[in-house]
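Here's a quick walk through one chain, from its overall make-up down to a few single residues. Have the structure open and follow along.

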Amino acid sequence: MKRLTGHPRLNTLVRLTFGNRASLIYLGLVLAATLFFAVDTLFVAHEDASFSGVWLFLLAAPTVFLFFVGGSLAGAEAGGPAWFLVLGLVVSVLVQSLALGWFVRLVRRAGSAGSAHPQGV
């Protein structure tokens with residue numbers, strides 16, 4: 001993979017967040033849920049509230065809830081302003097994508113180390 005920046009640690013973070021199949025699938029699901037929410041909010045008339053936004057929070061759980069608890073401890077009121085909700089969702093999704101990338105790398109390294117010594121031999 002080509003270097004994205006001049007800093008090796010930043011390259012590693014970007015690669016772990018966006019450079020593997022698991023993270024890209026997760027980010028694709030988040031994008032699909034975001035588009036569903038946007039279309040449902042802007043173009044569909046509802047007699048009562050829609051639950052389309054719940055999918056975003058479920059995909060961003062559990063880190064989004066930690067972000068909101070931290071915000072409430074810092075003084076944000078019930079959910080806070082809209083920018084705080086959006087920032088919480090974005091940061092949570094990126095943290096979870098990074099965690100997925102790290103987990104994939106961990107599994108690949110464990111698999112390659114374990115293939116040299118098959119079990120039971």
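In which helix does glutamine 96 lie? Glutamine 96 lies in helix α5, and we'll come back to its contacts below. First, some ground rules. This is a predicted model, where local features need pLDDT of at least 70, side-chain atom pairs count only at pLDDT 80 or more, and totals for chains, interfaces and linings use all residues. Residues are numbered from 1 along each chain as its sequence is written, and side-chain values use heavy atoms, with hydrogens and water left out.

**The overall picture**

The chain has five helices and zero strands, where helices (H or I, at least four residues) and strands (E, at least two) are DSSP runs numbered from the N terminus. The order of elements is simply α-α-α-α-α. The accessible surface comes to about 8,900 Å², and 72% of that belongs to carbon and sulfur atoms; areas come from the Shrake-Rupley method with a 1.4 Å probe, and for residues only the protein chains shown count as cover. Of the 121 residues in the chain, 22% are buried. Buried means under 20% relative accessible area, exposed means over 50%, and partly exposed is in between (1.4 Å probe, protein chains only). Among contacts (heavy atoms within 4.5 Å) between residues at least 6 apart in sequence, 58% join residues at least 24 apart.

**Inside: the core**

The largest nonpolar core has eleven residues, including Tyr26, Leu56, Phe68 and Phe84. A core here is a set of buried Ala, Val, Leu, Ile, Met, Phe, Trp, Tyr and Cys residues joined through side-chain atoms within 4.5 Å. Helices α2 (21–43), α3 (54–60), α4 (63–73) and α5 each give two or more residues to this core, and α2 gives the most, with four.

Take α4 on its own: Thr63, Val64, Phe68 and Gly71 are buried there. Seen down the axis of α4, these fall within an arc of 140°, so they line one face of the helix; the arc is that of the directions from the helix axis to the C-beta atoms. The face turned away from the buried side of α4 carries the exposed residues Leu66 and Leu73.

**Three residues to click on**

| Residue | Helix | Relative accessible area |
|---|---|---|
| Serine 23 | α2 | 0%, buried |
| Glutamine 96 | α5 | 13%, buried |
| Valine 90 | α5 | 43%, partly exposed |

Leaving aside neighbours within four places in sequence, serine 23 is in contact with Leu16, Thr17, Ser97, Leu100 and Gly101. With the same exclusion, glutamine 96 touches Tyr26, Leu59, Ala60, Ala61, Pro62 and Thr63. Glutamine 96 and alanine 60 are 36 residues apart in sequence, yet 7.5 Å apart in space, C-alpha to C-alpha. Proline 62, another partner of glutamine 96, lies in the loop between α3 and α4. The peptide bond from alanine 61 to proline 62 is cis, with omega near 5°.

**Outside: the nonpolar patch**

Valine 90 belongs to a nonpolar surface patch of about 430 Å², along with Phe18, Leu24, Val86 and Leu94. Helix α5 (residues 82–114) gives the most to the patch, with three residues. Patches are made of residues with over 30% relative accessible area and no salt bridge, with like charges joined within 9 Å and nonpolar side chains (Val, Leu, Ile, Met, Phe, Trp, Tyr) within 5 Å. A salt bridge is a side-chain nitrogen of Lys or Arg within 4 Å of a carboxyl oxygen of Asp or Glu.
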